[in-house]
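Student: I'd like to get the hang of the words people use for protein structures. Can we go through one together?

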Amino acid sequence: MDVVELAGEVARGLPYGLELGLDLNERDPDEDVRRLAAESLAAGDPIGWFERLYAESGTGDAIVSWDFRRPHVMLVDWASKRGLRGKGLRALVVGAGLGNDAQYIAGLGFETVAFDVSESAVRLAGERFPGRSVRYVVADLLDPPGEWREAFDLVVEISTVQALPEALHAEAIARVSSFVGPGGTLVVITSARDEGGPVFAPPWPLTPSEIAAFATGGVVVEESEDFPDAVRHRCRATFHRPA
């Protein structure tokens, strides 16, 4: 499928808000995501729409449909069940958006770095959460700083890889896993689909083999949990790198 065909699929895609279970009785919160993603893909740029979305959200001209102004419930549940505490440990939040998950992780005591490819997202996160509890950084998952390799005790990946076209999944997955340091943990929360199942994009839900692929470069799977319901299928997987 070329970028023009892919852009058409995006324009017709399953709403992000529906995939996330949002109330769509009023304005469709995914209208802007579909519009901007389709335009970006048609121009041959698979990630440029993130900056446009966050920039327009800052002026009130677009809606970031995944911004709940609270940490992801599946992250909170995961951390609570583990009694997670981060004193003296470093955490990296992948594709941090407007900072809700990063602030939660920092609140658990982790020295937290959070990055996004969108400069506007990083700026808005800093404005929403002023102070120094999280270091927000502009960075590209597909071309991250070299010093991040195996540098973090906790890596949090929530719905970032699935926001990329399928052709980029393998590289993005490998990059995420590369951030996990010796003895470190990776938690992945994503929408999921059956192997070879249909895609109504964005997002591009991950298949079981793609989720399993986070176990690479010495990182091993610890647990994989499925949470299907009538609207969507969610997966939460935990990995670690032996010390």
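**Talking through the model**

Tutor: Sure! This is a predicted model, and the protein has a mean pLDDT of 87, with 87% of its residues at 70 or more.

Student: Where does pLDDT stay under 50?

Tutor: Over residues 1–25, for which the model has 67 contacts beyond four places in sequence.

Student: Okay, on to the rings. How many aromatic pairs does the structure hold?

Tutor: Eight. One of them is W49 with F50.

Student: What makes the pair of W49 and F50 stacked?

Tutor: Two values. The ring centres are 4.2 Å apart, and the cut-off for a pair is within 6.5 Å, so W49 and F50 pair up. Their planes are at 25°, and under 30 degrees counts as stacked, so that's the word we use. Both W49 and F50 are buried, too.

Student: And why is the pair of Y54 and W66 called edge-to-face?

Tutor: Try the same steps. The centres of Y54 and W66 are 6.4 Å apart, and the limit is 6.5 Å, so they make a pair. The angle between the planes is 70°, and over 60 counts as edge-to-face, so the name follows.

Student: What does the pair of Y54 and W66 tie together?

Tutor: Parts of the chain that are 12 residues apart in sequence, because Y54 lies in helix α4 (residues 48–58) and W66 in the loop between α4 and α5 (73–82).

Student: How do you know whether Y54 is buried or exposed?

Tutor: Its relative accessible area is 3%, and buried means under 20%, so Y54 is buried. For W66 the value is 23%. Partly exposed runs from 20% to 50%, so W66 counts as partly exposed.

Student: Which aromatic cluster do these residues form?

Tutor: W49, F50, Y54 and W66 form one cluster.

Student: Now the charged side chains. How many salt bridges are there in the whole structure?

Tutor: A search finds 11. Side chains of opposite charge can pair when their charged atoms come close.

Student: What makes R52 and E39 a salt bridge?

Tutor: Their N to O distance is 2.8 Å, and the cut-off is within 4 Å, so the pair qualifies. R52 is in helix α4 and E39 in helix α3 (residues 31–42), 13 residues apart. R52 counts as partly exposed at 35% relative accessibility, and E39 does at 37%.

Student: How do you know that E222 and R82 form a salt bridge?

Tutor: Their closest N and O atoms are 2.4 Å apart, and the limit is 4 Å, so yes, a salt bridge. E222 lies in strand β6 (residues 220–228) and R82 in helix α5, so this pair ties together parts 140 residues apart in sequence.

Student: Why does the pair of R241 and E150 count as a salt bridge?

Tutor: At 3.6 Å from N to O, R241 and E150 come within 4 Å, so they pass. R241 lies in the segment after β7 (233–240) and E150 in the loop between β3 (134–138) and β4 (152–158), so parts 91 residues apart in sequence are tied together.

Student: Are R241 and E150 buried or partly exposed?

Tutor: R241 has 7% relative accessible area, so R241 is buried. E150 has 32%, so E150 counts as partly exposed.

Student: Which residues do salt bridges with shared partners join into one network?

Tutor: D77, K81, E225 and R236.

How values were computed. Residues numbered from 1 in each chain as written. Predicted model: local features only at pLDDT ≥ 70, side-chain atom pairs only at ≥ 80, totals over all residues. Heavy atoms only, no water. Phe/Tyr/Trp six-rings, centres within 6.5 Å; stacked < 30°, edge-to-face > 60°. Buried < 20%, exposed > 50% of the residue type's maximum accessible area, 1.4 Å probe, protein only. Helix = DSSP H or I, 4+ residues; strand = E, 2+ residues; numbered from the N terminus. pLDDT = per-residue confidence, 0-100. Contact = heavy atoms within 4.5 Å.
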